[in-house]
Amino acid sequence: MRKLYALLFFCLSITYTKAQTPLSYYLPQNISYDAKIPKPQDVFGFNVGDQHVSHDQVVMYMKELDRVSDRITMVEYAQSYEHRKLLLLTITSPENQKNIAQIKAQHVALSDPSKSENINVENMPIVVWQGFSVHGNEPSGVNAAMMMAYYLAAAQGPEVDELLKNTVILLDPAINPDGIQRFSTWVNANKSNTLVTDPNSREFNEPWPNGRTNHYWFDLNRDWLPLQHNESKGRLEQFHAWKPNILTDHHEQGTNATFFFQPGVPSRTNPLTPKINQELTAKIGEYHAKALDEIGSLYFTKENYDDFYYGKGSTYPDINGAVGILFEQASSRGHAQESDNGIVRFPFTIKNQVATAFSTLKAAQGMRVEMLKFQRDFYKNAVNLAKSDAVKGYVFGSGDNKAISYHLLDILKRHQIKVYQLAKNTSVSGKNFDSEAAYVVPTDQAQYTTLKAIFTKQTKFQDSLFYDISAWTFPLAMNIKYAELGSTAGLLGTEVAAAKFPEGKMLGPQTNYAYIFEWTEFYAPKILNEVLKKGLLAKVASKPFTITVNGKPKIFEDGTIMVPAQNQSMAAGEIYQLLSALAKENGVDILPVGTGITEGINFGSANFKVVKQPKTLLVTGAGVNANDAGEVWHLLDQRFDMPPVLVEQSDMNRISLDKYNVIIMSDGRYSSISQSGIDEIKRFVKAGGTLIAQGDANRWAIANGLINIKYKTIKNVDSVAFRNYDTQQEVARAQYIPGAIFNCRVDNTHPIAYGITTSEIPVFREGTGMFEKPSDPFATPLAYTSKPLLAGYISPANEKMLKGTAAIICSSFGRGEVISFSDNPNFRAFWFGTSKLFMNAVFFGQTIR
């Protein structure tokens, strides 16, 4: 009997594992397919859905389709950090391909109100962008892209011909190549011959940081507006080269869910999104509902998700004359997994994505003229809205931080926003702007809605719940001087064609005494690090001093760096050449000085403190907030060429920390660090090391006796005796701070604030972890003001609690320092303002004693 059962089990397993998912499971079979177009399995060696496609296989298949099909042209629009190609396929009829440049130019003209009025849209193709798997561990999207590409290349018949005649499809098959490769490798490597569906299986539990993110552990679906990554910059260039009418973004959600399509929660739509956009979204949704009904798939809409933050792929189109659509499929997270709704099989997840990709194209056909007219009207209305807006423009920029002006200018230009050099020196609201260093963004332009999304400060909301952050005002994030303009008359100089990184200068001939440069410029740390890497002595001024420059006295504030020309490991001429090159490359002016006589501290003063080269260790691994850790890694590596050593927190229990002088612990839980690791970290700090802790890493430091910070107790502010049961989640979430911008006062004399020229600075905060005021009045270089909210949502009770609390606390421990950030200073890589504070902690934590 045992042998019989064993044989039966063996046969069943062979039957199951050898069963292949046919094309007919996904694609219509009432039409013929061109035999010369290769099927995915002809290239991969397996059927779609039977295994997870890797990114290299995606590229291989798309290249083959591009080679054999006259319906497809393909471009490589970017490379990931791991040098993987991001591809965009333009799919349309062969006749359209012959005139594709003309079709593109005419379509883009719809977004130009000066040209669009005379364009006949009746016979114009609609443009649909279909994007897949921006989160690498949401694989049904990229695998569905294989099916869509094959169908559009191979399907025959009048229905397909009509579709391709009237549509230009922009297929973005693999938005996050590095994450897709990371995830597919994991699940394929942990797949059993007979599929295991138990959620506890290793297959469904990726190791940290998992495949969701890109190489630096960033969520690329938050980068459409900030544009801090190669993948996003390349994609947006293609987006604006075409300006699609519909953009779909294929995602996955939790395994126990079903399928979601937009609209999202109506009350959570950003007010900059026109009402008609949501009406069109709902109309397109009817096509999705019909498609899912036909195959019996459960779904929901107008719940959970929203259209508020414009940094997401499904929301960015809404401020660019298009309709963005989010799809969320319940994930198998592998090949087959148990769920509340039964076993979720990988082919089924792909099938739903294919079904809604098809329903999108059907909607585009049925609503083609309507969508084209909407796009034309959107930009015409944008100009009308600009005329009625009391704000006629924005001016920004200052001469002491030209690199930050460049970064904001670069973002604006990538969003097709017109920017002009300031024509003359001007003063607005008590702020002075220099024509040589400032720029003007007039609101009277077609990209009015996008520029408002970048500059607007919103503090009143219809709903207190947010799927993502509630504020992202870019000038505040960058801590750049800016002001609203009631008029731009006389202020518009030459239009800026493209952002150009500023060149720094060596402001004089070689000296035999010393060189100094101010710390205000963003890339000053890069110069200092390169100087220290060369083994040169460098010092930082802890007090201001004045010297004569070009016949006039000039004050150099705390944080100014001094590099002596003598008694160094390099000759004076070599130092001059090195600093000249570094100044030019990093946009920082360097001044040679010929004497140590100054007004204030002299160059030989003990108030010039020696700076050691940072040798940083970033603690990573399970429990650590991968996004926050990735932001640190990206900042140090990409911005400053000083990559940290990435160490798993469990390895902190076995290594010596003697070769490092800075340890960084991002937000997270550090339960894998045992007592031996704790003791080693304590020894490290006591011996003079710097420990930088962010967010909940401070709770670990408190629990292990490194700091004596106290958190405020968040009280239950709900005094209502009875509430409806079904509102409890909404009530609880309304007390959460969903990512907003707050004002802090700065102690400019503190090393953490070196280079900050203002008495206040905007900070990003998410969550309710608030520090109590420390007993030491000198330990708080940054604290929230009495009226902290600048932009975004916070409940009145939380705002009251936040007032006056510490944002950064510095705690001595032996000869070292623990620098505690209550919030994330490097959020999503575009918070340049507070990244300055973080870099100060890295370089100058050693000087706080």
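**View 1. Lys612, an exposed residue in a loop of the predicted model.** In this predicted model, Lys612 is exposed, with a relative accessible area of 56%. The residue belongs to the loop that lies between strand E24 (608-610) and strand E25 (616-620). Not counting residues up to four places away in sequence, Lys612 touches Leu532, Asn661 and Gln846. Gly535 stands 77 residues from Lys612 along the chain, and the C-alpha atoms of these two residues are separated by 9.7 Å.

**View 2. His135, a buried residue, and its contacts.** The loop between strand E3 (126-132) and helix H7 (140-154) holds His135. The relative accessible area of His135 is 3%, and the residue is therefore classed as buried. With neighbours within four places in sequence left aside, His135 is in contact with Asn176, Gly211, Arg212, Asp219, Asn221 and His251. Ser133 is also found in the loop between E3 and H7. Ser133 is not a glycine, yet its phi is positive, at about 60°. Ser133 counts as buried, because its relative accessibility is 0%.

**View 3. Arg333, a residue other than glycine with a positive phi.** The phi value of Arg333 is near 50°. Arg333 is located in the loop between strand E7 (323-330) and strand E8 (336-337). With a relative accessibility of 21%, Arg333 counts as partly exposed; the cut-off for a buried residue is under 20%.

**View 4. Strand E28 and its parallel partners, E27 and E33.** Strand E28 comprises residues 690-694 and is mostly covered, five of its five residues being buried. Thr690, Ile692 and Gln694 point one way from E28, whereas Leu691 and Ala693 point the other way. Strand E27 (residues 662-665) pairs with E28 in the parallel sense over four bridges. Within this pairing, Thr690 in E28 is the bridge partner of Val662. Between E27 and E28 the chain passes through helix H20 (residues 675-686), and this β-α-β crossover is right-handed. E28 is also joined to strand E33 (residues 816-821) by five bridges, and these two strands run parallel. Here Ser820 in E33 is the bridge partner of Ala693.

**View 5. Two cis peptide bonds that lead into proline residues.** Trp208 and Pro209 are joined by a cis peptide bond with omega at about 5°. Pro209 lies in the loop between helix H9 (177-189) and helix H10 (230-242). The peptide bond from Gln262 to Pro263 is likewise cis, and its omega is near 25°. Pro263 has its place in the loop between strand E6 (259-261) and helix H11 (275-295).

**View 6. The salt bridge between Arg235 and Asp172.** The closest N and O atoms of Arg235 and Asp172 are 2.9 Å apart. This pair links distant parts of the chain, with Arg235 in helix H10 and Asp172 in strand E4 (residues 167-172), 63 residues apart. Arg235 counts as buried at 1% relative accessibility, and Asp172 counts as buried at 0%.

**View 7. The salt bridge between Arg268 and Asp463.** The side chains of Arg268 and Asp463 meet at 3.3 Å, N to O. The two residues are 195 residues apart and link distant parts of the chain: Arg268 is in the loop between E6 and H11, and Asp463 is in the loop between helix H15 (448-455) and helix H16 (474-477). Arg268 counts as buried, with a relative accessibility of 9%. Asp463 also counts as buried, at 17%.

**View 8. A salt bridge within helix H14, and a network of salt bridges.** Arg414 forms a salt bridge with Asp410, and their closest N and O atoms are 3.1 Å apart. Because Arg414 and Asp410 are four residues apart in helix H14 (residues 402-414), about one helical turn separates them. Arg414 is partly exposed, with a relative accessible area of 30%, whereas Asp410 counts as buried at 13% relative accessibility. Elsewhere, salt bridges that share partners join Glu138, Arg212, Asp219, Arg222, Asp468 and Arg828 into one network. The count of salt bridges in the model comes to 30.

Notes:
Residues numbered from 1 in each chain as written. Predicted model: local features only at pLDDT ≥ 70, side-chain atom pairs only at ≥ 80, totals over all residues. Heavy atoms only, no water. Buried < 20%, exposed > 50% of the residue type's maximum accessible area, 1.4 Å probe, protein only. Pairing = 2+ DSSP bridges. Right-handed = clockwise from strand over helix to strand, strands pointing away. Contact = heavy atoms within 4.5 Å. Salt bridge = Lys/Arg side-chain N within 4 Å of Asp/Glu carboxyl O.
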